[in-house]
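Work through these exercises with the model open beside you. Try each task before you read its solution.

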Amino acid sequence: MPYIGKAPNQGIRNRFVYQATAGQTTFSGSDSNALTLTYADGEYVDVYQNGILLKPATDYTATSGTTVVLTTGASANDVVEIVAYDTF
């Protein structure tokens, strides 16, 4: 029987973790685990800074599919976690 949707070995959620430098606003490319940030739709992205969920449009923008930009620069060693959900 054929499988409808993504193959079971592909996740529906991808997690990217970055350690910020002082004043950093843009997060893209390889994260701390060598995973390259990519997402299909900015509406399906959650961004956390030091464990606190940020508000889309108010605290960050995610429109390019490969970059997340914070409205206010992060402090040195802040942990920015981006969770991208697959669209179906």
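**Exercise 1. Locate Ala-34, state whether it is buried or exposed, and describe its backbone.**

Step 1. Ala-34 sits in the loop between strand 2 and strand 3. Strands are DSSP runs of E with at least two residues, helices are runs of H or I with at least four, and both are numbered from the N terminus.

Step 2. Ala-34 counts as exposed because its relative accessibility is 60%. The classes are: buried under 20% relative accessible area, exposed over 50%, partly exposed in between (1.4 Å probe, protein chains only).

Step 3. Ala-34 is not a glycine, yet its phi is positive, about 65°.

Step 4. The C-alpha atoms of Ala-34 and Phe-16 are 9.0 Å apart, with their positions 18 residues apart along the chain.

A note on the source: this is a predicted model, in which local features need pLDDT of at least 70 and side-chain atom pairs pLDDT 80 or more, while totals for chains, interfaces and linings use all residues. Residues are numbered from 1 along each chain as its sequence is written, and side-chain values use heavy atoms, with hydrogens and water left out.

**Exercise 2. Find which residue other than Ala-34 has a positive phi without being a glycine, and place it.**

Step 1. Ala-57 has a positive phi of about 70° and is not a glycine.

Step 2. Ala-57 belongs to the loop between strand 4 (52-53) and strand 5 (60-61).

Step 3. Ala-57 is exposed, since its relative accessible area is 68%.

**Exercise 3. Work out what surrounds the charged side chain of Asp-31.**

Step 1. Find the residue. Asp-31 is in the loop between strand 2 (26-28) and strand 3 (45-49).

Step 2. Look for a charged partner. Asp-31 is buried and has no salt bridge. A salt bridge needs a side-chain nitrogen of Lys or Arg within 4 Å of a carboxyl oxygen of Asp or Glu. The nearest side chain of opposite charge is Arg-15, 8.8 Å away. For charge, Lys and Arg count as positive, Asp and Glu as negative; His and the chain ends are not counted.

Step 3. Look for backbone partners. The Asp-31 side chain reaches the backbone nitrogen of Val-17 at 3.0 Å. A polar atom of that side chain also lies 3.1 Å from the backbone nitrogen of Ala-34.

Step 4. List the contacts (heavy atoms within 4.5 Å). Beyond four places in sequence, Asp-31 touches Arg-15, Phe-16, Val-17 and Tyr-18.

**Exercise 4. Describe how Asp-78 is placed and what its side chain meets.**

Step 1. Asp-78 lies in the loop between strand 6 and strand 7.

Step 2. Asp-78 is buried without a salt bridge; Arg-15, the nearest side chain of opposite charge, is 17 Å away.

Step 3. The side chains of Asp-78 and Gln-49 make a polar contact at 2.8 Å. A polar contact is a pair of N or O atoms within 3.5 Å; within protein, one must be able to donate a hydrogen and the other to accept it, and residues adjacent in sequence count only if both atoms are side-chain atoms.

Step 4. Contacts of Asp-78 beyond four places in sequence include Tyr-18, Ala-20 and Asn-50.

**Exercise 5. How many salt bridges does the whole structure hold, and which residues form a salt bridge?**

Step 1. A search of the whole structure finds one.

Step 2. Arg-15 pairs with Glu-81, and their closest N and O atoms are 2.3 Å apart.

Step 3. This pair links distant parts of the chain: Arg-15 is in strand 1 and Glu-81 in strand 7, 66 residues apart.

Step 4. Arg-15 is partly exposed, because its relative accessible area is 39%.

**Exercise 6. Describe the chain and its largest nonpolar core.**

Step 1. The chain has zero helices and seven strands.

Step 2. Buried residues make up 27% of its 88 residues.

Step 3. The largest nonpolar core has 17 residues, and Val-47, Val-68, Leu-70 and Ile-82 have the most contacts inside it. Strand 1 (13-19), strand 3, strand 6 (67-70) and strand 7 (79-85) each supply at least two residues of this core. Strand 7 gives the largest share, three residues. Such a core is a set of buried Ala, Val, Leu, Ile, Met, Phe, Trp, Tyr and Cys residues joined through side-chain atoms within 4.5 Å.
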